[in-house]
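Student: Please take me through one part of this model closely, and in a connected way. I should like to follow a single helix, the loop that leads into it and the ligand sites to which that loop belongs.

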Amino acid sequence: MTAPAPSPQQWAETDHYFEARLLADDPVLAAVMAANQAAGLQAIDVSPLQARFLALMVQIRAARRILEIGTLGGYSAISMARALPDDGVLVTLELDPATAAVAIDNIAAAGLSERITVRVGAALDTLPELEAEAPFDFIFIDADKRNNAVYTQWAVKLARPGSVIIVDNVVRGGAIIDPDKCDPHTAGNRALADMLHNHPQLDATALQTVGVKGWDGFVMAVVR
Ligand code: SAH
Ligand code: DHB
Ligand code: MG
């Protein structure tokens, strides 16, 4: 008899177990989730425990300047920005104006309008405008996965030695190694993995995750 395979439901229940113990009640993030749902945004934010992971990484890096690609309703942006020192800033890029408007409201309600700037437009158009605001010491990439390799190249360009780059959704339920999956998002993640092979400026790893978001993962890199 072999043990039954762990199920997505057990992954989610295990997330809830740790959420209940490790995370305090968070009225700010609860309000963000409620506003996002009311506005009809897709529930594709990072999970509560992942948001804490990002905030801890911001603290460990002692980041002062954060760049995020892919805002949605601002759940991850608010989580990371709250881990910044008082003079820290976060710039987040969002394609869809209506989505950005929800995020801007959520950021205001969180009292973070001074610290977070939302730039509306396709990231490939707004990234070149950010050279004047670089370097960023923490970069979170969480937009259209098909551009993950290009976004990571931009991240390196806008970073400095020691900057941390984290890319979300690089596993996508195992799509990354599934020969039948050749959608543009999977192709983008494979291009990222291939680009990281012997990359001259990046030391990288991949962290697979299970939990309320199913089976997925982050690529994490540090700029040499
Ligand atoms: N980081 C968010 C979730 C982001 S979901 C959180 O955890 O709270 C991905 C977001 O990327 C969506 O809001 C989508 O509109 C945006 N997006 C998709 N393509 C984009 C592009 N080309 N440029 C900028 N944003 C994009
Ligand atoms: C999708 C996007 C995300 O950023 C995510 O975390 C999960 C899913 C998506 O586009 O389906
Ligand atoms: Mg994501």
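Tutor: Buried means under 20% relative accessible area, exposed over 50% and partly exposed in between, with a 1.4 Å probe and protein chains only. Helices (H or I, at least four residues) and strands (E, at least two) are DSSP runs numbered from the N terminus. The model is a predicted one, in which local features need pLDDT of at least 70 and side-chain atom pairs count only at pLDDT 80 or more, while totals for chains, interfaces and linings use all residues. Residues are numbered from 1 along each chain as its sequence is written, chains are lettered from A and ligands numbered from 1 in the order in which they are written, and side-chain values use heavy atoms, without hydrogens or water.

Let us begin with helix H8, which covers residues 184–196. The expected span of a helix is 1.5 Å times one less than its number of residues. Because H8 has 13 residues, it should span 18 Å, and its end C-alpha atoms are indeed 18 Å apart. Within H8, Thr186, Gly188, Asn189, Leu192, Met195 and Leu196 are the buried residues. An α-helix has 3.6 residues a turn, so residues three or four places apart point the same way. The cover over the buried residues of H8, counted by contact (heavy atoms within 4.5 Å), includes helix H7 (148–157), strand S5 (164–167), strand S6 (202–211) and strand S7 (214–223). After H8 comes Asn198, with a positive phi near 55°.

On the other side of H8 is the loop that joins S5 to it, and Asp183 has its place there. Asp183 counts as partly exposed because its relative accessible area is 23%. The C-alpha atoms of Asp183 and Pro85 lie 40 Å apart, with the two positions 98 residues apart in sequence. The side chain of Asp183 makes a polar contact of 3.3 Å with that of Arg172; such a contact is a pair of N or O atoms within 3.5 Å, and within protein one must be able to donate a hydrogen and the other to accept it, while residues adjacent in sequence count only if both atoms are side-chain atoms. Arg172 belongs to the loop between S5 and H8 as well, and with 30% relative accessible area it is partly exposed. Although Arg172 is not a glycine, its phi is positive, at about 50°.

Asn169 is another residue of the loop between S5 and H8. Its phi, near 65°, is positive in a residue other than glycine. Asn169 counts as buried because its relative accessibility is 16%, and Asp168 is buried too.

Both Asp168 and Asn169 serve the magnesium ion (ligand 3): its protein donors are Asp142 (OD), Asp168 (OD) and Asn169 (OD1), at 2.0 to 2.1 Å. Donors are N, O and S atoms within 2.8 Å of the metal (3.2 Å for Na, K and Ca), and since water is not among the atoms, sites may look incomplete. Along the sequence, the donor residues follow the spacing D-x25-D-N.

Ligand 2 draws on these residues again, for Ile44, Asp142, Lys145, Asp168 and Asn169 surround it, a residue being near a molecule if one of its heavy atoms lies within 4 Å. Polar atoms of the protein approach oxygen atoms of ligand 2 in several places. A polar side-chain atom of Asp168 lies 3.4 Å from one such atom, a side-chain N or O atom of Lys145 is at 2.9 Å, and a polar backbone atom of Ile44 is at 3.3 Å. Of the 290 Å² of accessible area that ligand 2 has on its own, the protein covers 62%; these areas come from the Shrake-Rupley method with a 1.4 Å probe, and for residues only the protein chains shown count as cover.

Asp142 leads on to ligand 1. Around that ligand are 20 residues, of which Val46, Gly70, Ser76, Glu94 and Asp142 come nearest. The side chain of Asp144 has an N or O atom 3.4 Å from a nitrogen atom of ligand 1, and the side chain of Tyr151 has one at 3.3 Å from a nitrogen atom of this ligand. From the backbone, an N or O atom of Leu72 lies 3.3 Å from an oxygen atom of ligand 1. The protein covers 89% of the 590 Å² of accessible area that ligand 1 has on its own.
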